[in-house]
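This report looks at how one pair of helices packs together and at the nonpolar interior around that pair. Please keep the sequence and the structure open while reading.

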Amino acid sequence: MEPQVSSRMKKLLLVINCIILAVGTCGGPLMMRLYFIKGGKRIWLSSWLQTAAWPINFIPLVISYIYRRKSNNNNTTKLILMTPQILVVTIGIGILQGYANYFYAYGIAKLPVSTSGLLFATQLAFTAFFAFLIVKLKFTSYSVNSVFLLTIGAVVLALRSSGDQPEGEPKKEYILGFIMTLAAAALSGLIFPLVELIYKKAQQAITYTLVLEFQTVYCFIATVLATIGMIINKDFQAISREANSFELGESKYYIVIVWSAIVLQFYFLGVIGVIYSASSLVSGILISVLLPATEVLAVFLYGEKFNAEKGISLALSLWGFASYFYGDYKENKKRENNQSQETEMTDKSNCTP
C-alpha cells in the first residue's frame with residue numbers, strides 16, 4: 001500500500017493542484033474559443049478535446065508505482081488500487097462529465113469567453129447546494145459570505161450580457177448557448193460533491209495514486225462518449241477539411257487541437273487533486289475566482305471589452321476568495337487549539353495519582 005500523505009505533504013499537493021487547476025481553468029476556455037473564432041465548427045470535437053489527453057496521467061501513475069514498489073521493498077505491490085465498486089461509480093461520473101463537456105463546448109462555441117465564463121461561475125452555487133445535500137457540508141459565515149460575493153460578481157456581469165451577442169450569431173443559437181452553459185455548470189456542481197462522497201465512502205485508503213486512477217478512468221469514459229458523438233456526427237471525416245480552411249493555417253490548426261487537449265486535461269487533473277487535498281467547495285471557489293482572470297486574458301488576446309461591470313466582478317471574486325481562505329485559516333487555528341487543550345487535559349489526568 002502507498003504510504004499515507006502527511007499534513008504538510010497534503011498542503012503541498014493542494015498548492016500544486018491549485019496551480020494546475022489555474023492553468024486549465026484560464027487556458028482551457030481561451031484555447032477552445034480560439035478554435036471556434038478561427039473557423040472551427042465541430043462541437044463534439046471540442047467536447048472530445050476536453051478529456052482526450054487522459055493518457056498524460058500515466059506519467060505520474062508510473063512514477064507512483066515505482067515509488068511504491070521501492071517503498072514496499074517487495075514484489076507484492078498492486079499495479080491498480082481501484083476496487084471494482086469504485087470503478088463502477090467512476091464510470092457513472094464519467095458519463096455525467098461527458099455530457100457536461102458537450103454542454104460547455106456548445107456554450108463556448110456560441111458565446112464570448114466573458115459571457116460563458118460568468119455563466120459557468122454559477123457552478124459554485126450548484127456545488128454549494130449539492131455539497132449541502134450530498135456530503136452534508138457545514139457552512140461557516142466566511143464560506144457563506146464567499147459564495148454570496150462570488151455569486152453577486154456573476155450577476156453583475158450578467159447584467160450586461162445582452163450586448164455580448166457575437167455578430168452574425170442567430171438569437172436562438174445564442175440563447176441555447178446560455179442554457180447549455182448553465183446546464184454544464186449544474187452538472188459540474190453535481191459532480192464535485194459526488195466525487196467527494198466517493199472519497200468518503202470508499203472502503204480503502206484514499207491516496208493520491210487512487211485519485212489519479214479515478215481521474216484517468218472517468219476522463220476515459222467521457223472521451224468514449226464524445227468519440228461516439230463524433231462518429232455519429234462524422235467529425236473525424238471533417239477534420240482534414242476544417243484544417244485546410246482554418247484561418248491560422250493547417251499546421252496551426254493541429255497545434256491548437258493538441259494544446260487544447262493538454263491544457264484542458266490540466267483542468268480535470270487540478271479539480272480532482274483539489275477535492276482530494278481540500279474539498280469540493282474549495283475547488284468550486286477557486287474555479288470561480290479564476291474565471292474573471294480568464295476574461296482579463298480574453299481582453300488582451302481577443303480584444304474583448306473590459307468594462308466597469310467586469311472590474312467590479314473581479315474585485316468581488318477576489319474578496320470572496322480571500323474571505324473563504326481567511327475563514328478556513330481561523331477554523332484550522334481553532335481546531336489546533338482545541339486539540340492542544342485536549343492533549344493538555346489528557347496529560348494532566350494521566351499525571352493525577
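In this predicted model, helix α9 meets helix α11 through the residues set out below, with each row giving the span of one helix and its contributing residues.

| Helix | Span | Residues in the contact |
|---|---|---|
| α9 | residues 208-233 | Tyr208, Val211, Leu212, Phe214, Gln215, Tyr218, Cys219 |
| α11 | residues 250-277 | Gln265, Phe268, Leu269, Ile272, Gly273, Tyr276 |

The residues of this contact divide into 10 nonpolar and 3 polar, with no charged residue among them. The axes of α9 and α11 come within 10 Å and cross at roughly 140 degrees, which makes α9 oblique to α11, and the crossing of α9 past α11 is right-handed.

Turning to the interior, the largest nonpolar core holds 79 residues, of which Leu45, Phe120, Val195, Tyr199, Phe214, Tyr253 and Tyr267 touch the most other members. The largest share of this core, 13 residues, is supplied by α11. Once neighbours within four places in sequence are left aside, Val195 is in contact with Ile93, Phe214, Ile272 and Ile275; of these partners, Phe214 belongs to the α9 side of the helix contact and Ile272 to the α11 side. A second core, separate from the largest one, has 5 residues, including Leu111, Leu118, Leu119 and Phe178.

For the protein chain as a whole, there are 13 helices and 0 strands, and 50% of the 353 residues count as buried. Among contacts between residues at least 6 apart in sequence, 85% join residues that are at least 24 apart.

Definitions and conventions: Residues numbered from 1 in each chain as written. Predicted model: local features only at pLDDT ≥ 70, side-chain atom pairs only at ≥ 80, totals over all residues. Heavy atoms only, no water. Axes fitted to C-alpha atoms, helices over the stretch in contact; angles between N-to-C directions. Helix = DSSP H or I, 4+ residues; strand = E, 2+ residues; numbered from the N terminus. Parallel < 35°, antiparallel > 145°, perpendicular 65-115°, else oblique. Left-handed = near helix turned anticlockwise from the far one by under 90°. Contact = heavy atoms within 4.5 Å. Nonpolar A, V, L, I, M, F, W, Y, C, P; charged D, E, K, R; others polar. Core = buried A, V, L, I, M, F, W, Y, C linked by side-chain atoms within 4.5 Å. Buried < 20%, exposed > 50% of the residue type's maximum accessible area, 1.4 Å probe, protein only.
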